[in-house]
Amino acid sequence: MKHQLNNKFNLALNYQNLEGAYRRAKRNKLGNEKIAAFEKDLEYNLTTLLKELTNQTYRPGAYYKFMIHEPKERLIWALPFRDRVVQQWFVEELIIPHFVPKFSYDSHACVREHGTHLAYKRLQRFLHYGEYAIKMDISKFFPSINKDILWKVLQREIKDGQVLWLARTFVYDTPNTKGIPIGNYTSQYFANIYLNELDQYIKRELKVRNYIRYMDDFVLICGSKDEALKLFEQCREFLQQKLDLQLNGKSRIIKISRGVPFCGFTIFPTHIKLSQNNKRSVKHMVRKFRVDHDREAFLASLTGWRAHVSHANSYNYQTKIYREICAEFFDLAISCPHHEEFQPDCMDCYAAEMDRRHIWEILREFLAE
């Protein structure tokens, strides 16, 4: 990266930009009590943040930690809302405009107009240019990022002292020497900046043309087994020696004709299948619904699942699962606690009937395709 981030902090720091960051931070979080408390005196809170950032007296608040279990168990670190506003401002005004245009085109995480669907389509195109794929995953990626290495990468690129001050604040905000918090908006971009070092090494030094990465999941396409073995070892050594990262046991060399797992699908040159993880997510969704009976969340999950799996060539499987899910929904969700039969004056009956119609419209649309 040749161009250095310089003299941008003061240009980006103003009330209007902080207000925009606040609006982005609260998006899709209606009913949140902490956001409501911040909004009660919005002008004062934003002005206070403006002064703290200008004077470099800003310090992040205490983290709230909790576990999630989907798609796998992760420890999430959540900052107070005022800190999420600052991170929104920092990332959108300073990090994205400078760093993202310098990423490899086939780095698809946290890049607008990219994402998983473009990533797997690009990979499917690449599969036509080789016989073998190197499929690599990094072991415990976010908890393994070396803060000192990340800091050196940022120092090399950023020369504005105020930007460096805030970047360092977020890099070293947690006491552990390794790892950046899953849950911070900054962490997504710091992680991408960290692995951009790998991207540049693979593209510029190893001269691999058909290479793609989605966060810590990446694939190289090779013409022969010998080439694949050599590149696998070179990437492994670079990750260990330069980035202090280890590959996990799922990293391997795959014959392309057998399909390459990537972004929730198994990619073939001619078609795409759902991965086993994707299939397991459906069962988890149903199990969760049996416990909480949350109709609204179930409908949202069902709609989202349908949108995702529609990209795979698996109509028969999707039809089977969709019918099972609909049966589960009718059995467990479409019921009124007061009446067995529909009563027009009962709001619970009415809500259940609307859910029936909604789910049937989704099913009818799916089966008509």
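This passage describes two helix pairs, a small set of paired strands and one buried glutamine in a predicted model.

Two packed helices are described by the angle between their axes and by the distance between those axes. In the first pair considered here, helix α2, which covers residues 15–25, packs against helix α5, which covers residues 81–99, at an angle of about 115°, and the two axes lie 8 Å apart. Because angles of 65 to 115 degrees count as roughly perpendicular, α2 is described as roughly perpendicular to α5. The crossing of α2 past α5 is right-handed. On the α2 side, the contact is formed by Asn17, Leu18, Ala21, Tyr22, Arg24 and Ala25, while α5 contributes Phe81, Arg84, Val85, Gln88, Trp89, Glu92 and Glu93. When the residues of this contact of α2 with α5 are sorted by class, 7 are nonpolar, 2 are polar and 4 are charged.

The second pair consists of helix α8 (residues 147–157) and helix α10 (residues 185–205), which pack at an angle of about 85° with their axes 10 Å apart. It follows that α8 and α10 are also described as roughly perpendicular to each other. Here Ile149, Leu150, Val153, Leu154 and Arg156 of α8 meet Phe190, Ile193, Tyr194 and Glu197 of α10. The contact of α8 with α10 comprises 7 nonpolar and 2 charged residues, with no polar residue among them.

Turning to the strands, an open sheet of 3 strands is found in the order β7-β8-β9, and its pairing is antiparallel. Strands β7 (260–262) and β9 (272–274) stand at the edges with a single partner strand each, so one side of each of these strands is left without a neighbour in the sheet. From one strand to the next, the twist averages 30°. Strands of a sheet pair through backbone hydrogen bonds, in either a parallel or an antiparallel manner. Between β7 and strand β8 (residues 265–267), which run antiparallel, there are 3 bridges. Phe262 has Phe265 in β8 as its bridge partner.

A final point concerns Gln124, which lies in helix α6 (residues 115–126). Its relative accessibility is 17%, and Gln124 therefore counts as buried, since the cut-off for a buried residue is under 20%. When neighbours within four places in sequence are set aside, Gln124 is in contact with Ile267, Phe268, Pro269, Thr270, His271 and Ile272. Among these contacts, Ile267 falls within the residue range given for β8, and Ile272 within the range given for β9.

Conventions:
Residues are numbered from 1 along each chain as its sequence is written. This is a predicted model: local features need pLDDT of at least 70, side-chain atom pairs count only at pLDDT 80 or more; totals for chains, interfaces and linings use all residues. Side-chain values use heavy atoms; hydrogens and water are left out. Axes are lines fitted to C-alpha atoms, for helices over the stretch in contact, and angles run from 0 to 180 degrees between N-to-C directions. Helices (H or I, at least four residues) and strands (E, at least two) are DSSP runs, numbered from the N terminus. Angles under 35 degrees count as roughly parallel, over 145 as roughly antiparallel, 65 to 115 as roughly perpendicular and the rest as oblique. Contact means heavy atoms within 4.5 Å. Ala, Val, Leu, Ile, Met, Phe, Trp, Tyr, Cys and Pro count as nonpolar, Asp, Glu, Lys and Arg as charged, and the others, Gly among them, as polar. Two strands pair if DSSP finds at least two bridges between them. Buried means under 20% relative accessible area, exposed over 50%, partly exposed in between (1.4 Å probe, protein chains only). A crossing is left-handed if the near helix is turned anticlockwise from the far one by less than a right angle, and right-handed if clockwise.
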